[in-house]
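Here is a short briefing on one protein model and its ligand. Keep the 3D view open as you read.

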Amino acid sequence: MMSKTNLEPLRREVPFLDLASPHRELEEELTEVFRLALRTASFVGGKVLERFEADFASYCGTNHCRGVGSGTDGLRFALMAAGICPGDIAVTVPNTFIATTEAITQAGATADFVDVLEASGNMDPEKLREYLETRCYFDKSGRLTHRQKGRPVTAVVPVHLYGQPAEMDPILDLAEKYGLKVIEDACQAHGAEYFSRRQNRWKRIGSLGAAAAFSFYPGKNLGACGEAGAVTTNDGALSAKVGMIRDHGQVRKYHHDMEGYNGRLDAIQAGILSVKLKHLSEWNRIRRERAALYNELLGKAPGVIAPGVGPGMRPVWHLYVIRTQRRDELQKHLGDHGVVTGLHYPVPLHLQKSYRPMNVGAGSYPVAEAAARCILSLPMGPALTSSQVEYVCELIVRFMSGRGGQ
Ligand SMILES: Cc1ncc(COP(=O)(O)O)c(C=O)c1O
């Protein structure tokens, strides 16, 4: 820990995420990907894409992976390929990035929410149980139906928020009981692991539900140099359907079984992802080390709650998010001292203007709403150093102990 009492002379700039440094180390290898694409004129599809898909499937422990244009595409295509139909309801959480619900809506379904666990911000399985038991019934044909909305409830979309696995065992048990498809939103959780009590072994996120969607947006734990995403699954038919949907519904060139999308992953991004995938475990290891240091040092900060990690979870710390009632003051204080922080997410989805027609008021999901008021994402990433973490924690401990200026 730093010994000086006045922090001003020690002032440092700590970015929220340093994206440039990891790329600098890989510049030669990444440039080679471009050269190869130019020389072979192979820009869409081909061997480079197939190799990445095989490698990422193997990394996640699934039989299949399909590269797509983005995480949003991945969620939408996975829902469609899993048979979620226009008019259906898919249940998710309100404290996620809007892409989760956009994908549900764009698949023709409607999103409905259940509240989350305070410690992790992930879907509360008890709330899901309550939703299914009290708001739904099986109609005469055995279809799970929402009592008020009169629509079939066919999917659940747990989000592995901040890189921490959702409570998948109870969610999968409920999905089995009620006949729901589970589509994991794994967009923030590349490499996170979950101890499956159902299978009595550790499993990688992305291999637990019917299918999972990953985002390779540049800032993610595994990021492309542009937009990119993937769907992982063990279901060969679902995978084939995603393959079709992402490519205009083609089964072969100019033979369309359905209307689809232009939602492919291009070969340059796939090549870049292959290079970076080799480093993902090491980058995640660094993130875990930095999170452990944050946890240790923030233990001395009164009024700060460090993120909780449940048993059977190995998170990958896409984001390191603390909670404090003095969030706004603390964020300003850190900003004044060169530390960039973020809010993920400041407004729960049911309170966004875009979802006003849902008519779901404040107070409907109290845990998610309370979290939105007190969460603060601290700097994180593979280029974050231990001494930067120490500096951030020193600022927080002093501020929260009433010694902010010293
Ligand atoms: C939880 C979550 N879901 C979905 C997405 C969408 O991914 P993309 O931006 O690649 O479309 C993101 C990306 O930020 C995300 O964080």
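The points below cover the ligand, one histidine and one helix. This is a predicted model, in which local features need pLDDT of at least 70, side-chain atom pairs count only at pLDDT 80 or more, and totals for chains, interfaces and linings use all residues. Residues are numbered from 1 along each chain as its sequence is written, and side-chain values use heavy atoms, with hydrogens and water left out.

**The ligand**
- Among the 15 residues around the ligand (a heavy atom within 4 Å), G71, T72, D185, S215 and K220 come nearest.
- A polar side-chain atom of S215 sits 2.6 Å from a ligand oxygen.
- The protein covers 92% of the ligand's own 390 Å² of accessible area (Shrake-Rupley method, 1.4 Å probe).

**H190**
- H190 is in the loop between β7 (181-185) and β8 (193-196); strands are DSSP runs of E, at least two residues, and helices are runs of H or I, at least four, numbered from the N terminus.
- H190 counts as buried because its relative accessibility is 0%; buried means under 20% relative accessible area (1.4 Å probe, protein chains only).
- A polar side-chain atom of H190 lies 2.7 Å from the backbone oxygen of S215.

**Helix α6**
- Helix α6 spans residues 125-135, and its buried residues are P125, L128, Y131 and L132.
- These residues lie on the same side of α6, because they cover an arc of only 115 degrees around the axis (directions from the helix axis to the C-beta atoms).
- D124 caps the N-terminal end of α6, with a side-chain oxygen 2.9 Å from the backbone nitrogen of E126.

Key
Buried means under 20% relative accessible area, exposed over 50%, partly exposed in between (1.4 Å probe, protein chains only). A polar contact is a pair of N or O atoms within 3.5 Å; within protein, one must be able to donate a hydrogen and the other to accept it, and residues adjacent in sequence count only if both atoms are side-chain atoms.
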